[in-house]
Each structure stands twice: as structure tokens, then as C-alpha cells.
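User: I have a structure to go through and would like to start with the ligands. Can we take it step by step?

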Amino acid sequence: MDQKELRELEATCIQEEPPACRAGCPLGVDGRAFALAMARGDMDAARAVLEKSMPFAPITARLCEAPCEKFCVRKDLGGAISLGLLERLCIAEGQTKGKAMRLPARPKKVLVIGSGPSSLCVAFDLAKKGYPVMVRHLDAAPGGWLRGLPESVLPPHILTDEVNRLGALHVSFQTAPVLNAALIAEHAADAIYVGQDDTIADDLLEQLTLPDPVTFALEKSGWFTGGMNMTDSATRFITAISHGREAAVSIDRFLQGASLTLSRVLLRNGHTALYTNTKGVKPRPRVTPANPTGYTREEAMAEAGRCLDCQCLECVKHCVYLKDNDGYPKTYARRVFNNLAIVQGMRQANKFINSCSLCGQCEVVCPNDFSMASMCLDARREMVRTKRMPPSAHWFALEEMRSAKSEQAALACHAPGTSGSTALFFPGCQLGGIRPDQTMRLYEKLLELEPKTGIWLDCCAAPAHWAGREDEFSGLARQLEATWDDMGRPVVITACSTCLKMFRDHLPSLNAVSVWAVLAAHDVRPVAGSAALALSDPCTSRHDAETRNAVRVLLRSASQPLADLPMSGELTECCGFGGLMDNANPALARKVAQTRVAQSDADFLTYCAMCREQLAKTGKPVLHILDLLFPETAHDASEAPAGISARRMNRRKLKNMILSRFGHDEMPRQQWESVGLVVAEPVAAMLEERRIMLDDLRQVLHQATRDGRWFRHGSDGRKIASAELGEVTFWAEVREDNGAFEVLRAWSHRMRIAGGRI
Ligand code: SF4
Ligand code: SF4
Ligand code: SF4
């Protein structure tokens, strides 16, 4: 990822765009932060929000006509938040943080003619930037038409206090009998602002052409004006203030010799790219103040409490992984970029990049189609390419994949008594590993429907793809294609949504179809239970409506009642296995599964073997659709997951079942397979947690027995054996008992023992 790609990605996530109220405020006041502080009853914090953007907040908060309210997202859901009224109470009750800060003094001088709101705003903004400002005004005290407002609207002492504050910011005031052109010649100013919201003499007005609508600059260099045609405006005050603010920006740029227009943020017009989902938001009417002069504190808190806290975060709402990392995709893009850019030092985001399940839900719910899956997968590929991917990140999953593809487990052959196949059943390595008996039963059913259905036991190579190992994956994909070619290019029927997606995305020539679609087309009927089940679609079926519908057709044909699951179909959530999440971050994967099953009180039903495994780990009763299709082989919904050791052994078992069904010899047993083990429940859980399989321990103990190499440990018969299997060294502490080994402990690491052997 380069800087340009990073910026493009960041721009796709619009979470940091302003809420509509802020976008609709000519001063850019953050109405969301203000309303949230008011809802908490924190008037001081709310006032600080106002003072950040408002000139002389005690006046502006009282007089602003709140044009922002017409953009408020609450507008059609009970009425816009009454930001204007809330501001009034806030300014009366909240304490200011102190006086406005002034930047170091600058030499250029500014002359302001008139003292209406636009002029006072120019003086305030430029004085804060360090410019000395001279204001020429009519009458005894500055303020223009503000001085004529009733006391109930603007008490005169507040105007006087704010004018005095401007004095503290080095704004000088000088009266003039008339605001005419001659005044300008009295001052050696570097920039001039004429506020037309005060009484300007005709001879000066005649010198003012129409200003530029964005910069408020006049044709005459260094001259600016604002506050035109204000008298009848329904937003007389705030429009004048906004003219003053824009003119002040222009004057500052002019005095610094900068472009008046380059990268300029235009006057706010209510437009924002921020998406706010209001689905399910109930209308709540505005709080009407009991006293027409304004809200009480309690009324204000209730009114502010109606604020929707407009945010996007659509993706974060539904993804435990995104939620758990305290940010959103825009911030995550920067995190991934920084991780890839580091040459030396700790790459803190490796685990983050490897923890996404690549399930694609975020892209579906995002209004801008931001894909965390693409970003994380690209990052993994780059890490593999540049040899920065820690070998341990995906080690176990890749070993699993290679084992499923080994001679011990893989097989491709035509149906018994046939020399060709019109179809080829590819159950997928997980179904074969988790439910070998049901896989066999399903194959028999397919043979009934089409006797020339061959069988293909293998792995679709998804783990290599998810791990970002492009070269390994494309090599494996070519091997798969070659096998299919050798089998006469039949239709591939798979029982795994991941395999189906992998084939369709990467080997489209295979014309893969879902076994559930085949069964539905042949009117095969499951046997339904009476209790409603929550149907959890695997995330790899997200874009496969055909398979999802086929499963529903099967269930409908049996009148199986289904319970509501909020996120299903295209919006379905991952079980925590996909994208190797479970490998990189098992704790997160557990949380993902727990969050998923918590979405319904009903027992779950799925048509992905791995989803069944992951969801059942939480203790939730979960059925696989095969339990309904073939009740004679049904497993109990509460059955514990198979676990890694059983999966490995079951793949061998399935291959042997098929070989024997076809009249072939079973695979020769390896010597270590006969090593007997006794494993108590807690030790089995520890092995599962540490990703140590019984097969690994059998090999270690077989080697130790064969070579007579043991560490003796204690006087109670305990002994320790070790062996390097591939890249990993395994250790087992055991006690021999009646020709079997009772496993007491086991652990593994990626270090080699010095000298290569113990
Ligand atoms: S609901 Fe709240 S955050 Fe949203 S636009 Fe209205 S005031 Fe702003
Ligand atoms: S786990 Fe799924 S929803 Fe969450 S970020 Fe990854 S791809 Fe998106
Ligand atoms: S859904 Fe997520 S990625 Fe998309 S704009 Fe919203 S916060 Fe950003």
C-alpha cells in the first residue's frame, strides 16, 4: 500500500465527516458534541464546544437563529433537536473556560468600518490571530443594531462585556460621526473591512462593488465587505456573523500573501457525506419548555437526549473484530499502512491484520463499500511477499490443509463399477473431518440420484489463500484443476460454502454447485423438528443466494419452523473460523461465536461443518442440516465439537471407508498409529488449546520408544519425550499404564534443540 492508496482508502470511510447539524451551521459548531454534553447535564463541557467555534459565544448563542436545525437528522423523527434553545440555556448556566487566546502579535494592521455583528466577528477572529484591529463605529458604544435589541433578548451588559473582552484582545474602538469614505484615509491600514450591517454612508457604499460570494473580497485590493441586505433576513444575525468569519479568513490569507481560495472549506450548507442509519429509530417529540422564555436544566437534558449521536459505524456495529480494536476502518487503514511501512522495530498490527475473518460483512453494510477483508488480505500478501509474516501466524491452519491434501486423507476416484464420472462429490476437508459417517451417507444419497458420481476428498486450499500465500495457493489451485481434468471434467458438487466460493472465484471452469441445491432440485426432504431453529448462513454464502435459497427450500419442504436471526442471508455474520481468525486470535474467535449464538434463544442450525464446530464450542446446541436430512445418522445438537485431533483422524477414516466401500484395500496403517493414549478431559482441552494433536503425540512417543530416548522425570514413572515434526518440536510428559501412555502434559515450540537432537 502506498500513500496514494492509503488516502483513497481513508476517503472511502466517511465516519469522520461532520454530522448534519455541524454541516448546517455557518460557524461549524459541533452540534453533536454539544447535544451529547447537554444530555449528560455537563453545561461547562457544552459551553466549551460552543466557544470553540463561536465568536463571543454569550451573544451568538443567544441570537443565533439556528439554521442548523433544518438539517438535523431527527427532523422527521419527532422534530429537529432544539439546538438554538439549548444554546441559550447552556450559555446562561455553563461556566466559560476563560478568555480567548491570542497568537503572537503581527505587524499588519486591519481597519474595520462599522460595529454590527459581521464587523465584531472580523475584529474577534483577526485579533485572536494577533493582528491589531481598529474598529470605527457610530454612537457611544459599539454594537450597531445589537444595541437596539430588547433587554430580554440581549441584556446590554452582555454586549458591553463582550466588547470589553475584544479590547483585551487588542481591538481598539473609536467613534465616528459618520461611517464614510473619508474615515479610511485616516488610517494606514493593510486591510479594510466594511460591515454593511451597520449604517454606512452613501459615499462609501458607492465604492463597494458586489464582493466575491466566497471570499467577500472587493475588486479593490485589500478591501473586503460583508453583512449586505441583512435587514429583512430571517437569519439576520448568523448570516452577518458568517460573512464576518469568511471575510476574516480572507483578510488573514491576504495579509500573509496566500491564495484566498486554495483548499478553502466553503461556507457550510448542510451537506455532509456522513451516513446515519435511522432504521428502527422511533419518533420522539420535541420537549416544549413550560416557560416560553426557555428550557429548565431538566427540560434541556431531556431535549438533548433526543440527539441521535449521528455516526456511521455501520460496519463496527456488526463486527466484533472491528468493535474490539477501538476504531473504525479509516483509522485501521492508517494502522495497517504504518505496520507495512515499518522497516525496523515492532510491527504492532500483525495480529490485527491476521485477525479479520475476511467475511465481507463490513463491505455489504458500508454505504461506501469499504472492504476490510480486501485491505487485510492485501496486507497479508504484502507481508508474505516481503517475508515479514511471522511463520507462527498461520502455521497450524496450513499444516491442517497440507494434511488434508496428503496421501493419508486425499482421494479422487470414480464411483464403484464405473470408469468415468458425470459428477464429482467434493465434501470439503472440514465436513469429512467433522462428520465422516454423515459424509459417507450423503455420498450414498448422491449415488442414488446419479450413479456416476465420483468422490474427491481434498482441501480447496482456502487456508493458503487466506494466509496471503499467493504462490502456494496458485500452485495448489493448478493441482486441483489437474485432478479435475484427470477425472474427465465432471460437475463438482460440494457440501462446503467455502469450497464453493473458492472454486467459483478461482477455478470457475469447475462449474461447482452446492450439494444443497442438488438435493433441493431432487426433492429430497429432511425430517423437521417441532422447535424453531435459528438458521445461521455461513459467511462464505453471503453472495450465494442460490445456495441459501436451496437450503430454505429443503427446510420449507419439511415445514421446519425457523426462528428470527437478525443478521442472516447477505448480512450473515462469521462464526469466527473464516479468514484464519481462529488461528491468529482464538480468544476473539470465541467472542465472535458467542456474540453470534447470543442473537437467538433458539437452537442453531447451519449447513457448514466448521460453523457447527465453532458455534457448538460456546455450548449452544447446534445442528448441521445433515442431522435433519439423514436422521438415522443424526448427532445430538448438544454434542461437543469434534476437535482438532478427531478431525485429523476422521479424514483418514473417511478415506478408508470409501476405499473399502469401493472394494479397495484400506490405507496401510503407520506404525505410530497403534500407540495407545489415555487422555483425561482437562488434558484434552489443554491439547486443543495448544493446537497439539493426538497424532503428534503418538509420533513423538513412537520415536522415543523406538530409539529408547526419554527424559526421566521424578520417581513416580513420569517421563518426557520430544521430537521434531516438521518445523515444530513437540514435548510430551507421560506415564506408561498397561501398554498405553497416560498423557500428563504436552507443549510445543518452534525452536530447534542445539545439535538437532536430544
Ligand atoms: S440528531 Fe444530533 S447529531 Fe444528528 S443532526 Fe441532529 S443534533 Fe446533530
Ligand atoms: S471480520 Fe468480516 S465484517 Fe469484520 S472486518 Fe473482517 S471482513 Fe469485515
Ligand atoms: S460503514 Fe464503516 S467503513 Fe463504511 S463509512 Fe461507515 S464507518 Fe466507514
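User: What classes of residue make up the shell around ligand 3?
Analyst: The shell around ligand 3 has nine nonpolar, one polar and one charged residues. Here Ala, Val, Leu, Ile, Met, Phe, Trp, Tyr, Cys and Pro count as nonpolar, Asp, Glu, Lys and Arg as charged, and the others, Gly among them, as polar. This is a predicted model, where local features need pLDDT of at least 70 and side-chain atom pairs pLDDT 80 or more, while totals for chains, interfaces and linings use all residues. Residues are numbered from 1 along each chain as written, chains are lettered from A and ligands numbered from 1 in written order, and side-chain values use heavy atoms, without hydrogens or water.

User: OK. Which residues surround ligand 3?
Analyst: Cys-13, Ile-14 and Gln-15 are among them. Cys-312, Leu-313, Glu-314 and Cys-315 also surround ligand 3, as do Pro-329, Cys-366, Pro-367 and Phe-370. To be included, a residue needs a heavy atom within 4 Å of the molecule.

User: And what is around ligand 1?
Analyst: Cys-21, Arg-32, Cys-72, Val-73, Ile-81, Cys-307, Leu-308 and Cys-310. By class, the shell around ligand 1 has seven nonpolar residues, no polar ones and one charged.

User: Ligand 2, then. How many charged residues are in its shell?
Analyst: None: the shell around ligand 2 has nine nonpolar and three polar residues. Its residues include Cys-319, Cys-356, Cys-359 and Cys-362, along with Tyr-321, Gly-360 and Met-372.

User: Which helices supply that ligand 2 shell?
Analyst: H14 (320-324), H17 (361-365) and H18 (372-385) each supply at least two residues of the shell. Helices (H or I, at least four residues) and strands (E, at least two) are DSSP runs, numbered from the N terminus.

User: Switching to pockets. How much space is in the largest one?
Analyst: About 1,000 Å³. On a 1 Å grid over the protein atoms alone, a pocket is an open set of points with protein on both sides within 12 Å along at least five of seven lines, whereas a cavity is a set where a 1.4 Å probe fits but cannot get out; lining residues have an atom within 4 Å of a point. Points are joined across faces, edges and corners, and volume is the space filled by probe spheres set on them.

User: What lines the largest pocket?
Analyst: There are 40 lining residues, and Leu-687, Glu-688, Glu-689, Arg-690 and Arg-691 lie nearest the centre. Elements giving two or more residues include helix H28 (586-597), helix H32 (681-689) and strand S19 (740-749). H32 gives the most, with six residues. The classes are 21 nonpolar, nine polar and 10 charged.

User: How about the second largest pocket, what is its volume?
Analyst: About 600 Å³. It is lined by 23 residues, and Leu-27, Gly-28, Ser-53, Arg-245 and Arg-268 are the closest to its centre. Helices H4 (43-53), H7 (117-128) and H11 (236-255) give two or more residues each. H11 gives the most, with five. This lining has nine nonpolar, three polar and 11 charged residues.

User: Now the closed spaces. How many cavities of 30 Å³ or more are there?
Analyst: The structure holds five of them. The largest cavity contains about 430 Å³ of space. Of its 40 lining residues, Gln-430, Pro-463, Trp-466, Phe-577 and Met-610 are the closest to the centre.

User: Which classes and helices make up the lining of that largest cavity?
Analyst: The lining has 25 nonpolar, seven polar and eight charged residues. Among the helices that each supply at least two residues are H19 (395-404), H20 (429-434), H22 (462-466), H24 (497-506) and H29 (609-616).
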